Structure formats: C-alpha cells, structure tokens
Amino acid sequence: MSAQASSLKPAAPNAATLAGAPREYLSFKLGAEEYGIDILKVQEIRGYEPPTRIANAPHFIKGVVNLRGVIVPIVDMRLRFGLPDVKYDSFTVVIILNIAHRTVGMVVDSVSDVLELPPGHIKPAPEFNGAIDATYITGLGTIKHGDDERMLILMDIEQMMTAADMGLMDTDTLIH
C-alpha cells in the first residue's frame with residue numbers, strides 16, 4: 001500500500017475523542033423518576049405480556065418469555081428497586097437488552113424518548129454514604145426543553161444485570 005493510500009484511511013478514535021462525543025440514551029420511567037440507559041444495549045421494546053413464572057427465582061424476576069426461539073428472563077425494575085404499587089397498564093413495556101452476550105428483558109412503567117446528551121450535560125453521580133446503593137448510577141443527565149429542565153438518572157445497565165445478586169449470568173459468561 002502506498003503512503004498516499006494509507007494517509008486516506010480514517011484515524012481510529014482515541015479515548016479523548018470518544019469521551020467528548022454525545023451519547024444516546026433510552027429514557028424510561030419507574031414511578032416518578034426518569035432513568036436513562038445506553039441505547040446501544042437495547043435490542044427492542046415490546047408491550048408487556050405476563051411471563052412464565054420460574055420456581056425459586058428472586059422476587060424481581062417475573063419469569064421468562066420465548067422471544068423468537070430465545071428464552072429471555074424478565075426482570076421487573078420496580079420490584080428490583082423496591083418501589084411500591086407495582087401495576088401493569090397499557091404504558092408498561094419490556095425493554096429487551098443485549099447484555100454480556102445474553103438477552104434479558106426489563107419491565108418499566110413507560111419509555112419516554114431516545115435522548116442525545118453531550119458530556120457537558122452529564123454530572124457525576126453523587127455519593128450517598130451507603131444510604132442508597134448508587135453502584136449502578138453513572139451520572140445525572142440534564143435535559144432542557146425551553147425553560148423546563150429535568151434530570152435523567154443514568155444507569156450502567158450492563159453492570160447491574162451482570163451483578164451476582166441478579167442471578168442472571170453464569171460466572172463462565174462473565175469471565176469471557
């Protein structure tokens with residue numbers, strides 16, 4: 001390959017370039033709070049249908065569904081976060097995620113939007129002195145619409161779903 005041809009190849013992005021790029025998040029509601037997860041982890045969004053219950057599963061795992069031949073565990077995020085009054089209505093959806101080479105579904109109250117957040121609109125997660133488990137919170141996003149401003153709690157959904165207490169991943173899956 002000539003020197004001229006190699007100079008036409010785009011440079012690989014470095015960490016600084018990636019850190020400065022806006023990222024897209026799928027926003028969803030749980031109770032009164034609005035959360036955001038990396039859109040690249042989302043496979044699809046489906047209406048809620050009651051899953052098949054699995055014996056001895058943790059209370060927040062509602063069961064499993066058959067999604068085009070793949071058995072998908074369904075996690076109810078309201079139950080996982082200990083929120084009261086879990087009810088299912090026409091807004092309740094299941095977000096199908098691709099996490100650590102597995103497919104997992106999570107039940108949320110509703111999906112709001114896909115939002116692009118530049119780094120300047122994301123603040124670090126506050127420290128809660130152990131009162132609240134903020135392990136899976138990566139930051140707080142600020143979304144402005146005219147004079148209105150709302151906060152989006154940004155979650156590391158992969159870290160949460162692969163945590164040992166979730167019981168969704170084999171240790172072999174996590175090592176690779």
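On a 1 Å grid over the protein atoms alone, a cavity is a set of points where a 1.4 Å probe fits but cannot get out, whereas a pocket is an open set with protein on both sides within 12 Å along at least five of seven lines; lining residues have an atom within 4 Å of a point. Grid points are joined across faces, edges and corners, and a volume is the space filled by probe spheres set on the points. The structure examined here is a predicted model, in which local features need pLDDT of at least 70 and side-chain atom pairs count only at pLDDT 80 or more, while totals for chains, interfaces and linings use all residues. Residues are numbered from 1 along each chain as its sequence is written, and side-chain values use heavy atoms, with hydrogens and water left out.

We may start with the chain as a whole. The protein chain contains 5 helices and 11 strands, taken as DSSP runs (H or I of at least four residues for helices, E of at least two for strands) and numbered from the N terminus. Of its 176 residues, 35% are buried, where buried means under 20% relative accessible area, exposed over 50%, and partly exposed in between (1.4 Å probe, protein chains only). The accessible surface comes to about 10,700 Å², and carbon and sulfur atoms hold 54% of that area; the areas come from the Shrake-Rupley method with a 1.4 Å probe, and for residues only the protein chains shown count as cover. Among contacts with a separation of 6 or more, 56% link residues 24 or more positions apart, a contact being heavy atoms within 4.5 Å.

Next comes the sheet that holds β10. Strands of a sheet pair through backbone hydrogen bonds, either parallel or antiparallel; here two strands pair if DSSP finds at least two bridges between them. An open sheet of 6 strands follows the order β8-β1-β2-β11-β10-β9, and its pairing is mixed. Each of β8 (110-117) and β9 (122-123) has a single partner strand and stands at an edge, so one side of each is left without a neighbour in the sheet. Strand β9 is joined to β10 (residues 137-145) by 2 bridges, in the antiparallel sense, with Ile-122 opposite Gly-141 of β10. Strand β10 also holds Thr-142, which counts as buried because its relative accessibility is 12%. Leaving aside residues up to four places away in sequence, Thr-142 touches Leu-117, His-121, Glu-149, Arg-150 and Met-151.

Ile-122 returns in the lining of the second largest pocket, together with residues including Arg-23, Thr-138, Met-155 and Glu-158. The space in this pocket is about 160 Å³. At least two lining residues come from each of β1 (23-30), β10, β11 (148-155) and α4 (157-161). By class, the lining has 5 nonpolar, 2 polar and 5 charged residues, with Ala, Val, Leu, Ile, Met, Phe, Trp, Tyr, Cys and Pro counted as nonpolar, Asp, Glu, Lys and Arg as charged, and the others, Gly among them, as polar.

Strand β6 (93-99) offers a second focus. This strand is mostly covered, with 6 of its 7 residues buried. On pairing, β3 (42-47) and β6 run antiparallel over 5 bridges, and Val-42 stands opposite Leu-97 of β6. Strand β6 is also joined to β7 (residues 102-108) by 7 antiparallel bridges, with Val-94 opposite Val-107. The hairpin of β6 and β7 has 2 residues between the strands, and Ala-100 there takes a positive phi near 50 degrees.

Turning to enclosed space, the model has 2 cavities of 30 Å³ or more. The largest cavity, of about 60 Å³, is lined by Arg-46, Gly-47, Glu-49, Val-65, Ile-74, Val-94 and Ile-96. Both β3 and β6 supply at least two of these residues, and the lining comprises 4 nonpolar, 1 polar and 2 charged residues. Ile-74 also lies 9.5 Å from Pro-50, C-alpha to C-alpha, across 24 residues of sequence. Pro-50 sits in the loop between β3 and β4 (61-67) and counts as exposed because its relative accessibility is 67%.

The second largest cavity holds about 30 Å³ of space. Val-107, the partner of Val-94 across β6 and β7, is one of its lining residues, alongside others including Asp-76, Tyr-88 and Thr-92. This lining divides into 4 nonpolar, 1 polar and 4 charged residues.
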